[in-house]
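Visitor: Please take a close look at the pockets of this model, and tell me what lines them.

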Amino acid sequence: MVIYKGKDYKDVSRKAANIMSAQIIMNPRSVLGLATGSTPVGMYQQLIEWYKKGDLDFSKITTVNLDEYKGLSPDNDQSYRYFMDQNLLNHINIEKSHTYVPNGMDEDSERACKEYDKIISMVGGIDMQLLGIGGNGHIGFNEPGVAFEKETHCVNLTESTIKANARFFKSIDDVPKQAYTMGIKNIMSAKKILLIATGSSKAKAIYDSLYGPITPNVPASILQLHPDVTIVADEDALQLL
Ligand code: PGA
């Protein structure tokens, strides 16, 4: 495991974008596992900037996102498909048909999740998976208590995650209560993992994930067993290390 300390959000975003860029340059056909949330936005902006300068080519890249709210359509501005389009995919030369997000509109959870697992194996697995981390140690929507052996599955969001995400919705009642998420098994199968975290609200989750026992109560703690994890975080997120 390698840990890079960034000065602030901008520095973390640039360092993380450098690592993702290296992956893209070394393997232009990479399958990138992407993430939503506020943390990766700066990194995506940096990638767009470098693409516009002519330094990056996404034409042969495939992306698979970690998760999607159940019940939100791709054109709903709170869906993760919409987020990805707005924050990255619409601004680079990627084939849209090579970008995947779980199908939140499929009400049949089992079918939707199986289909997503099939997509991940069809594209050949994930070369580099980007992760944020929740204040409770969740990765994707794998909340505390999740079984480590799960692949894509439907989850009931915890109160703390619903509260954390309410800032993006008109009211807390509008936050969907369920989501489809890659499981820990999908994430752990990625060849490389890049986790980014900023702010003191992530400090305990980072500490527990890196130094605490490996337990489903802190889903990110499983990353201690992954052979190729890079963490980029600011001083606030690393303050307990
Ligand atoms: P954030 O979310 O980037 O908005 O803090 C991270 C997460 O919950 O995984």
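**The pockets and their linings**

Guide: The largest pocket has a volume of about 670 Å³, in a model that is predicted. Its lining is made up of 33 residues, and those closest to the centre of the pocket are T36, G37, S38, N165 and R167. Among the secondary-structure elements, those that give two or more residues to this lining are β4 (67-69), α3 (80-87) and α5 (159-165), and of these α5 gives the most, with 4 residues. When the residues lining the largest pocket are divided by class, 17 are polar, 12 are nonpolar and 4 are charged.

The second largest pocket holds about 180 Å³ of space, and its lining can be named in full: Y9, K10, D11, S13, R14, G42, Q45, Q46 and E49. Two or more residues of this lining come from each of the helices α1 (9-26) and α2 (41-53), with α1 giving the most, namely 5 residues. By class, the lining of the second largest pocket has 4 charged and 4 polar residues, together with 1 nonpolar residue; the charged ones are K10, D11, R14 and E49, while Y9 is the nonpolar one, and S13, G42, Q45 and Q46 count as polar.

Taken together, α5 is the element that gives the most to the lining of the largest pocket, whereas for the second largest pocket that part falls to α1.

Notes
Residues numbered from 1 in each chain as written. Predicted model: local features only at pLDDT ≥ 70, side-chain atom pairs only at ≥ 80, totals over all residues. Heavy atoms only, no water. 1 Å grid on protein atoms, 1.4 Å probe; cavity = no way out; pocket = protein on both sides within 12 Å on 5 of 7 lines; lining within 4 Å. Points joined across faces, edges and corners; volume = space filled by probe spheres on them.
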